[in-house]
Amino acid sequence: MSYAIPPAPIPAVPVAGSADSFPVRRIYCVGRNYAAHAREMGSDPERDPPFFFCKPADAIMPAPQGITADVAYPPQTANYHHEVELVVAIGKRGRNISAEAANEHVWGYAVGFDMTRRDLQFALRDKGRPWELGKAFDQSAPISPIVPVGHSGHPTSGRVWLSVNGTLKQEGDIGDLIWSVAETISHLSKYFELFPGDLIFTGTPEGVGAVVKGDLVSGGIEGLGELSIRIV
């Protein structure tokens, strides 16, 4: 097949402990999946059905373990926020997946940051408009190497944290997800057929806040490693 223009490179994430990379197809994100974060965003944390938004695959910003990745402060914002999240990598195709079978579709797990232009997100939300300008911009999805399930198992608890310049800002436990990983996969698969290469950012605990140029943002999840970026 010939193309009218050269095709873009396939976005990919390093695999922990391997020379392989995990090709990224789509990025799905769960909104307000921790009760305390829902409250700090001014919402009721009742267990309503989860809602989702998407980022483009090339929003991925891989940060190899032990290396700090430079992430550019995005344009058109004065309120650029951090959100640390458990990321699920899908390795098996499926639709209408039951919660009981959901783990069969997981290839691995990683640490991710859902970086957000909060002022744009809120302005769009208040007008009833889509969130893309606030969420789906370049380099808005930094991510650590993906740990295969064979090494991590399927974690249902574990400390999740984020610090800015060494000061702890976010802390929680992935066991506090309103909708578990299995429930999230099941619900999402009712609306989209999931494919190998899909990533799901599962939501962030409370303590989100602004970062500025020069800040060092570090985060991690127990058993899955750490992620570090420098805002430049």
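Student: In this predicted model, what makes S13 and S14 a hairpin, and which residue in the turn has a positive phi?

Tutor: The hairpin consists of S13 and S14 with two residues between them. In the turn, Asn165 has a positive phi of about 55 degrees.

Student: How do you know that S13 and S14 pair?

Tutor: Pairing requires at least two bridges between two strands. Six bridges join S13 (residues 159-164) to S14 (residues 167-173), so the criterion of at least two is met. The two strands run antiparallel, and Leu162 has Gln170 in S14 as its bridge partner.

Student: What makes S17 a partner of S13?

Tutor: Five bridges join S13 to S17 (residues 216-221); the threshold is at least two, and therefore these strands pair as well. Their arrangement is antiparallel, with Trp161 opposite Gly220 in S17.

Student: Why is S13 called mostly covered?

Tutor: A residue is buried if its relative accessible area is under 20%. Five of the six residues of S13 are buried, and the strand is therefore described as mostly covered. For the protein chain, 50% of the 232 residues count as buried.

Student: How do you know that the radius of gyration of the protein chain agrees with that of a compact globule?

Tutor: For 232 residues, the globule rule gives a radius near 17 Å; the protein chain has 17 Å, so the two agree. The C-alpha trace spans about 45 × 40 × 35 Å along its principal axes.

Student: How many helices and strands does the protein chain contain?

Tutor: The protein chain has five helices and 18 strands.

Note on methods:
Residues are numbered from 1 along each chain as its sequence is written. This is a predicted model: local features need pLDDT of at least 70, side-chain atom pairs count only at pLDDT 80 or more; totals for chains, interfaces and linings use all residues. Side-chain values use heavy atoms; hydrogens and water are left out. Buried means under 20% relative accessible area, exposed over 50%, partly exposed in between (1.4 Å probe, protein chains only). Helices (H or I, at least four residues) and strands (E, at least two) are DSSP runs, numbered from the N terminus. The radius of gyration is taken over C-alpha atoms; the globule rule is 2.2 Å times the number of residues to the power 0.38.
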